[in-house]
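The exercises below are to be worked through with the sequence and the model side by side. Each one sets a task and then follows with a solution in steps.

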Amino acid sequence: MKQDKVQVTLTKSLIGATPKQKATAESLGLKKVGDSCLHAAGPVLDGKVKVLHHLVCVQNEK
């Protein structure tokens, strides 16, 4: 079974974000605006993206 990959990109600054949002961004490997990482799609990633939905852009990789 092939696991789907998702690219998560930080599109807005973490200045003014809550400590929980900053910690979530760092756990995804996002530190600066424009940083992006590939992650396996799943419920854990869905929860992290939900916390940062206004700061990140999510794209499916093929």
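**Exercise 1.** Is Thr 24 buried or exposed?

*Solution.* Before any value is read, note that this is a predicted model, in which local features need pLDDT of at least 70 and side-chain atom pairs count only at pLDDT 80 or more, while totals for chains, interfaces and linings use all residues. Residues are numbered from 1 along each chain as its sequence is written, and side-chain values use heavy atoms, with hydrogens and water left out. Accessibility is then classed as buried under 20% relative accessible area, exposed over 50% and partly exposed in between, with a 1.4 Å probe and protein chains only. With a relative accessible area of 11%, Thr 24 is buried. The residue is part of helix α1, which covers residues 19–27. Its contacts (heavy atoms within 4.5 Å), leaving aside neighbours within four places in sequence, are with Lys 48, Val 51 and Leu 52.

**Exercise 2.** Find the class of Glu 26, and place this residue relative to Leu 45.

*Solution.* Glu 26 also lies in helix α1, but at 52% relative accessibility it counts as exposed. Leu 45 is 19 residues from Glu 26 along the chain, and their C-alpha atoms are separated by 13 Å.

**Exercise 3.** Describe the fold in terms of its elements, and compare its radius of gyration with the globule rule.

*Solution.* Helices (H or I, at least four residues) and strands (E, at least two) are DSSP runs numbered from the N terminus. On that basis the protein has two helices and three strands, and their order from the N terminus is β-α-β-α-β. The radius of gyration, 11 Å, is close to the 11 Å that the globule rule gives for 62 residues, so the protein is as compact as a globular protein of that length; the radius is taken over C-alpha atoms, and the rule is 2.2 Å times the number of residues to the power 0.38. Along the principal axes, the C-alpha atoms fill a box of roughly 40 × 20 × 15 Å. Of the contacts between residues at least 6 apart in sequence, 69% join residues at least 24 apart.

**Exercise 4.** Which residues of the largest nonpolar core touch the most other members, and which element gives the most to this core?

*Solution.* A nonpolar core is a set of buried Ala, Val, Leu, Ile, Met, Phe, Trp, Tyr and Cys residues joined through side-chain atoms within 4.5 Å. The largest such core has 13 residues, of which Val 8, Leu 30 and Val 56 touch the most other members. Two or more residues come from each of β1 (5–10) and α2 (43–51), and β1 gives the most, with three. Beyond its neighbours within four places in sequence, Val 56 is in contact with Val 8, Thr 9, Leu 10, Thr 11, Leu 30 and Val 49. In soluble globular proteins, nonpolar side chains tend to be buried together. Over the whole protein, buried residues make up 27% of the 62 residues.

**Exercise 5.** Characterise three loop residues, Thr 11, Gly 34 and Asp 35, by their location, their accessibility class and their contacts.

*Solution.* Begin with Thr 11, which lies in the loop between β1 and α1 and counts as partly exposed at 41% relative accessibility. Not counting residues up to four places away in sequence, Thr 11 touches Val 33, Leu 55, Val 56 and Cys 57, whereas the C-alpha atoms of Thr 11 and Leu 30 are separated by 10 Å.

Next, take Gly 34, which is found in the loop between α1 and β2 (36–40) and is partly exposed at 49%. With neighbours within four places in sequence left aside, Gly 34 is in contact with Thr 9 and Leu 10, and its C-alpha atom is 8.2 Å from that of Lys 12, a residue 22 places apart in sequence.

Finally, Asp 35 lies in the loop between α1 and β2, and its relative accessible area of 26% makes this residue partly exposed. Apart from neighbours within four places in sequence, Asp 35 is in contact with Val 8, Thr 9, Leu 10, Gly 29 and Leu 30. Asp 35 and Val 56 are 9.8 Å apart, C-alpha to C-alpha.
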